[in-house]
Structures are given as structure tokens and as C-alpha cells.
Amino acid sequence: AGLWTVFTLGGVGSKATASPELSSPLANQSLLLLLVLANLTDASDAPNPYRQAIMSFKNTQDSSPFPSSIPHAFQINFNSLYTALCEQQTSDQATLLLYTLLHQNSNIRTYMLARTDMENLVLPILEILYHVEERNSHHVYMALIILLILTEDDGFNRSIHEVILKNITWYSERVLTEISLGSLLILVVIRTIQYNMTRTRDKYLHTNCLAALANMSAQFRSLHQYAAQRIISLFSLLSKKHNKVLEQATQSLRGSPSSNDVPLPDYAQDLNVIEEVIRMMLEIINSCLTNSLHHNPNLVYALLYKRDLFEQFRTHPSFQDIMQNIDLVITFFSSRLLQAGAELSVERVLEIIKQGVIALPKDRLKKFPELKFKYVEEEQPEEFFIPYVWSLVYNSAVGLYWNPQDIQLFTMDSD
């Protein structure tokens, strides 16, 4: 009863910082408590029982017996849980719970991937990434890792291209009257990469974005023309960045440092990083062309429109192998367009591409290993999660006052 008074009346004082408006303060407090308990470290002689329970609970509709090795078993209505998670993704703590369940509970993961209304879950996650400027980095990481976990499943990667969405009001760069969930996902992930390139330059963010795109690439279907354009535009941006770093490296080798005390920037390392990202983008494009060329005339169109971009990479030792198929596709379709004559309309070019796809012998495209990336938690995840959870308690718990001067677990700007 005493704790209930604290929750409802703010019995221990109130915090100076304003917390987001909560539809249910008790539900929020309960969720924060659950996250704190689930992220307790294991004892030397026993694993954390709360984490064990979260890892193993089942659907109320599942009548199969629990294994005897699971001591803290319980059941919950998965449909109600799924609905609540879909509705609450604007908060860090709900996104963190979703991540925890998807990553640790195979029953939940299987259930969610079998849903036929995955857009209800995916759209709020995409909206978090779209408003990356307004979100804290931890919330963005969690949203991105959720996408990465989902894209590990081929069924998910296929089904997202079958879900057609109308009028995505929060996407403001361009009016999207009709687009597949898959194409929208690609657009948002690419936008996150571009934002990261110009602002935060976080390698972890880059890696996870590219891994999600790579996981989906073999299953790209009927890409929206804008999604196809953005894939090539990102490659264009990377190409310009590569050329700029190369030029800087060349100039620094020619010149001499103005002072012995000023170290030269490590252009070799910069070049290495940018070439890794370029190679990954080429692998993603190649994977789509090899596995689903006939489903993606808009990507072929975008490739042909910007064909000059790829010229410098044809003979580059780091990209020669992966460029073979891309070069073959560009050459094949360029030749067909040339035969069709000049002044072709967009519709006519797409028609020629669709006819050409049937004529292109599939055995001419070299097979590469399938692109598959799996999310693996860091070796000591508690170093990230425990401070994160407690920062959420500090910022979101209703009516609980914490003296900011006494906080040592996280820095005060980590919200």
C-alpha cells in the first residue's frame, strides 16, 4: 500500500524534468520494474530467475507442457501483448521490452513472425528511425536491432513486399500515396545511413543498417521507383566520399605536414572504412540482381540512369569480383536500349527492361554466397543495458525523485 501511494500521489517528491504524458502511470511503473528485474546480473550460483521467466513464457493457447528444466514458467495472451507492444512503441521502455522479447524468447519471436499484420509492429519502429533527430541514440539502436532480428527471417523479408500501404503521412520527403512495407523499410534504413554519414558517424549504426538491407536484398520484390533511386543515390554519395578521401590522401602524401607536432589524419583507415561500406552496397545490389532481377525493373532503370557511377569500380581490385554481375546487367540492358533508338519515354524504357529480363540468360550471372547477418549481443551486455534501464527509470518513473548529484551509473545526458 505504501508503494502504491508513492506511485499515485508522488509521495517521494517529483523530478524537475518533464516526463512524457503517460496513458497509464501504473503500467509504465510496472514495465520499468520488469526491465530492472530482467536486467539484473546472474548470481554466481544461480541465473537471474526473472530473465529465465521472460525467456521461456508461452502463449495461453499453447497447451504443450513446459520442460522440467524451466522452473519459472508462466503463460500470457500473446495477442494482447502484441497489440500493446504495437501501440506503445513511442516510449523507450516499450521498445526495449520488444527487443528483449524478440531476442530472448523464441516463442514470442515465432508468434510475431507468423502474424499477418506485421505492419502494425514495423511501422512504429520505422517511425522511430525516421525521427532519428528527435530520439536518443539508445532508442534508435533498439529500433534498428529489432529490424535486424526480424530480417533474419526469410518469410518476413518476403511478406513485407506484399503489404501495400497508403498515404504514409509522417514520411515528408516525398508524397507516398502507395508503397509496399518492404520499400518503405528500405527508404527509412537508407535515410538513417545518410543521416549517420553526415551527423553522428557511428560505425555500429552503419553496420546494423547495412546488415538489415543485406538480409532483405535477395527477397527485394517490386521495389518502388523511389526506393530504387535511393539505393543508387546512397551509392552515389559513398562514391563521392570515396573520391574525396582518396584525393585528400594523395595530397597529404605529396605535401608535408606544416608542423611536426600536428599528426596527419589517418586517410588509409578512412579509405578502408568507406571501401568496406561501398563493397557492402555493391553486394546488396548484386544480391538483388542475382536473386530477383525479374521482380525489380525499377532498380535496373535506376542502375542504367546512373551507370557512369559504377565505371570507376570495374577495375578496382577491391570490387572487381562483385562488379561482374552489375557490369553485365548494365551492358546487356544498355545495348537493348541503344537498339530501341533515342528519345525513349520512361514507360518505354521500363517495357524494354521487362522484356530484356526474360531474354537475359540467368546462368550468365555469377552466384555469390547468400548475404546473411545475425544479431549477436555484445559479450557483456549488462554494461549497456543496466545504465540504460536505470536512465529510463530516472527519466520516466512517475513520482519517484532521484537526486541527480548522486547518480553515478549513467551520465545525465544519456537520456
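Select Tyr 82 to begin this tour of a predicted model. With a relative accessibility of 2%, Tyr 82 falls under the 20% limit and therefore counts as buried.

**The aromatic cluster**

Keep Tyr 82 displayed and add Phe 57, Phe 74, Phe 78 and Tyr 111; these five residues make up one aromatic cluster. By the rule applied here, the structure holds 18 aromatic pairs. One of them is the pair of Phe 57 and Phe 74, which is stacked, with 4.9 Å between the ring centres and 20° between the planes. Where along the chain do Phe 57 and Phe 74 lie? Phe 57 belongs to the loop between α3 (49-56) and β1 (58-59), while Phe 74 belongs to the loop between β1 and β2 (75-76), so that the pair links distant parts of the chain, 17 residues apart. Is Phe 57 buried or exposed? Its relative accessibility is 4%, and Phe 57 therefore counts as buried. Phe 74, at 34%, counts as partly exposed.

Turn next to Tyr 82 and Tyr 111, whose rings form an edge-to-face pair: the centres are 6.4 Å apart and the planes meet at 75°. This pair also links distant parts of the chain, since Tyr 82 is in helix α4 (residues 78-87) and Tyr 111 is in helix α6 (residues 106-114), 29 residues apart.

**Charges over rings**

Select Lys 58 together with Phe 66. Lys 58 lies over the face of the Phe 66 ring, at 4.2 Å from its centre. Then select Arg 191 and Tyr 130, where Arg 191 lies over the face of the tyrosine ring at 4.0 Å from the ring centre.

**Helix α10**

Select residues 181-198, which form helix α10. How far apart are the end C-alpha atoms of this helix? They are 26 Å apart, and this agrees with the 26 Å that 18 residues should span at 1.5 Å a residue. The helix is mostly covered, as 17 of its 18 residues are buried.

**His 206 and its contacts**

Move to His 206, which is found in helix α11 (residues 203-217). Its relative accessible area is 13%, and His 206 is therefore buried. Which residues are in contact with His 206, leaving aside neighbours within four places in sequence? They are Ile 193, Asn 196, Met 197 and Val 277.

**Ile 278 and its contacts**

Select Ile 278, a residue of helix α13 (residues 267-292). At 0% relative accessibility, Ile 278 counts as buried. Apart from residues up to four places away in sequence, Ile 278 touches Phe 235, Leu 238, Ser 239, His 242, Phe 313 and Phe 319. Draw a distance between the C-alpha atoms of Ile 278 and Phe 235: the separation is 7.0 Å, although the two residues are 43 residues apart along the chain.

**The cysteines**

Finish with the cysteines. How many disulfides does a search of the whole structure find? The result is zero. Cys 288 is in no disulfide, and the nearest cysteine sulfur, that of Cys 209, is 18 Å away. A disulfide would require the two sulfur atoms to be within 2.5 Å. Cys 288 has a relative accessible area of 1% and is therefore buried. Select Cys 86 as the last stop; at 12% relative accessibility, Cys 86 counts as buried.

Methods:
Residues numbered from 1 in each chain as written. Predicted model: local features only at pLDDT ≥ 70, side-chain atom pairs only at ≥ 80, totals over all residues. Heavy atoms only, no water. Helix = DSSP H or I, 4+ residues; strand = E, 2+ residues; numbered from the N terminus. Buried < 20%, exposed > 50% of the residue type's maximum accessible area, 1.4 Å probe, protein only. Contact = heavy atoms within 4.5 Å. Phe/Tyr/Trp six-rings, centres within 6.5 Å; stacked < 30°, edge-to-face > 60°. Lys NZ or Arg CZ within 6 Å of the ring centre and 35° of its normal. Expected span 1.5 Å × (residues − 1).
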